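Thanks for making the time this morning. I would like to walk through one model with you, going from single residues out to the whole chain.

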Amino acid sequence: MDIPYIVIDQLTPDQQQVWKTYFGDADRPRYIEEGIWRRTQEKATADQSGWTAADDARRRIIHYRYRYGLVPTTAAPAIGLTDLYLYHSATAPADEIDAHHDALWDSLATGGWKEAPGGFLWTRRDLKCRITEHDAHPQDAAAGRTLPVGYRSLDVQIASVSYAPPPAVRQLPWNVLSTGIRCKDRPGTPTRVPDLSVLADLLPFQVEIGCGTSVEAGIPPLHRLHEIYRVTDRQGHEPREHRFTLSPTADTLLHEVLTEPEEKTAEFVEMFRACFLAEPTAAMWALKELKDAGHLVGPVITNNFDVLAARAGLDECFMRRYDQAVPDVEWVDGAKALLVVGLHADRRKVQARARARGMQVVYLDPEGFWRDGQFMPYPLEGPQDGDLVCRATAAEALPDLVNLLRQHAG
């Protein structure tokens, strides 16, 4: 595979300006796309991990980090993937690791990789693959973790030839692992409201947005990344039914990358491509109008990496930070409410901090999605006693709120 790998060819002048303003010269490195999943087999995850007893301790860690940049062409510049880094660590009983090892060697042969002297490094054009086996993983030893007798680990690192991940990058997924699993919130008994008119008495308010606003802009939902990186088996329609991919013999990700890297990389860059090509929606422009009117204060608190809020002229407080367990939130004195739009998982506890400040928490979410003509329920996880929930889409409810507040002002 050739690096740079072209993601969007022949940018228009407007697209070149979007890159310069929101990606290339931005206040945070939006030209870096990064994701980490750590899935562990333990009692707390038994339903999804298949844990039954203490000798079940399989583990799977995925860390990807991609860098994008402008690539000159004979005509207009393109956006290319300039650095690729994918790390896969599997820990399982020795017989499963042995089978995993053999499958990797078969995939390397099928994919036409060339072995370098020493037997640990393979290359294929502009990619390199390093494989390391551990009877006891050094990261476990450093953290004082013990695994059942007979467990082993196998690490695979696939990267562009010119990229050497610094120690901080290599360490990052293990730092995330040490924070433990995310415990789901126990939903309380919130009050249902038909619309957002309650906010007329809670001005000004702040806002936190999740991937619901991105999906409305045509960006794939985050569970698409779970499909691409085989985080779950994706069996069944309800998102929380899916079981973790933990057995190395059932894990197809590395086989896909090693046998057909060009095809798999096309999937890897899907999300970045969709984010770049998306345009701010009516919901985003409604937030901008609410901001300009003084009803919405502070930056848009967000886990999204699509930059849609910024492209609508709003400041962003970005929360998807692997280097911070609890990222800071820019709270505004006098804000009476936090409007939470399209955010299912209370990962960063923003809503809890808002409640502690005495703010009313209002959720805007349809609590489901359409698939193949059928509405699939997807209940919210975070609402507590005293919170308010409006079951509508951002595209519907936010413009309606703008119109309502205009009428009140008139």
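Arg130 is partly exposed, because its relative accessibility is 40%, which sits between the 20% below which a residue is called buried and the 50% above which it is called exposed. I should say straight away that this is a predicted model, so please take each value I quote as computed from that prediction. Arg130 belongs to strand β7, and if we set aside its neighbours within four places in sequence, Arg130 is in contact with Phe120, Leu121, Asp155, Val156 and Gln157. Gly119 is 11 residues away from Arg130 along the chain, and the two C-alpha atoms are separated by 9.1 Å.

Staying with this part of the chain, please look at the loop between β6 (121-124) and β7 (127-134), where Arg125 is found. Arg125 has a phi near 55°, which is a positive value in a residue other than glycine. As background, most residues other than glycine have a negative phi, and most peptide bonds are trans. Is Arg125 buried or exposed? Arg125 counts as exposed, because its relative accessibility is 56% and the cut-off for that word is over 50%.

A second residue of this kind is Val307, with a positive phi near 65°, and again this is a residue other than glycine. Val307 is located in the loop between β11 (300-302) and α12 (308-311), and with a relative accessible area of 0%, Val307 is buried. If you are going through the backbone angles yourselves, these two loops, one holding Arg125 and the other holding Val307, are places to pause.

Now to the cis peptide bonds. The bond from Ile3 to Pro4 is cis, with omega near 5°, and Pro4 is in the segment before β1 (5-8). The bond from Leu203 to Pro204 is also cis, with omega near -5°, and here Pro204 lies in the loop between β9 (191-193) and β10 (205-209).

Next I would like to turn to helix α5, which covers residues 167-178, so please bring that stretch to the front of your view. The helix has 12 residues, and from its first C-alpha to its last it reaches 17 Å, close to the 16 Å expected at 1.5 Å a residue. Which residues of α5 are buried? They are Val169, Leu172, Pro173, Trp174, Val176 and Leu177, and these buried residues pack against three strands, β2 (32-40), β3 (59-71) and β4 (78-93), and also against helix α4 (138-143). Just after α5 comes Gly180, with a positive phi of about 85°.

Two further loop residues deserve a look. His242 sits in the loop between α7 (223-228) and α8 (253-259), and at 2% relative accessibility His242 counts as buried. His242 and Thr232 are 10 residues apart in sequence, while in space they are 5.8 Å apart, C-alpha to C-alpha.

Glu330 is in the loop between β12 (316-318) and β13 (337-341), and at 48% relative accessibility Glu330 counts as partly exposed. Not counting residues up to four places away in sequence, Glu330 touches Gln206, Pro299 and Cys317. Gly298 is 32 residues from Glu330 along the chain, yet their C-alpha atoms are separated by 6.8 Å.

Let me finish with the whole chain. The protein has 14 helices and 17 strands, and along its principal axes the C-alpha trace spans about 75 × 60 × 40 Å. How does the radius of gyration stand against that of a compact globule? With 410 residues, such a globule would have a value near 22 Å, and the protein, at 23 Å, agrees with that. Buried residues make up 51% of the 410 residues, and of the contacts with a separation of 6 or more, 73% are accounted for by residues 24 or more positions apart.

On the outside, the protein exposes about 18,600 Å², and carbon and sulfur atoms supply 51% of that area. Finally, there are 45 positive and 58 negative side chains, and the centres of the two sets lie 3 Å apart.

Terms used: Residues numbered from 1 in each chain as written. Predicted model: local features only at pLDDT ≥ 70, side-chain atom pairs only at ≥ 80, totals over all residues. Heavy atoms only, no water. Helix = DSSP H or I, 4+ residues; strand = E, 2+ residues; numbered from the N terminus. Rg over C-alpha atoms; globule rule 2.2 N^0.38 Å. Buried < 20%, exposed > 50% of the residue type's maximum accessible area, 1.4 Å probe, protein only. Contact = heavy atoms within 4.5 Å. Areas by Shrake-Rupley, 256 points an atom, 1.4 Å probe, with all protein chains shown as cover. Lys, Arg positive; Asp, Glu negative; His and termini not counted. Charge placed at Lys NZ, Arg CZ, Asp CG, Glu CD. Expected span 1.5 Å × (residues − 1).
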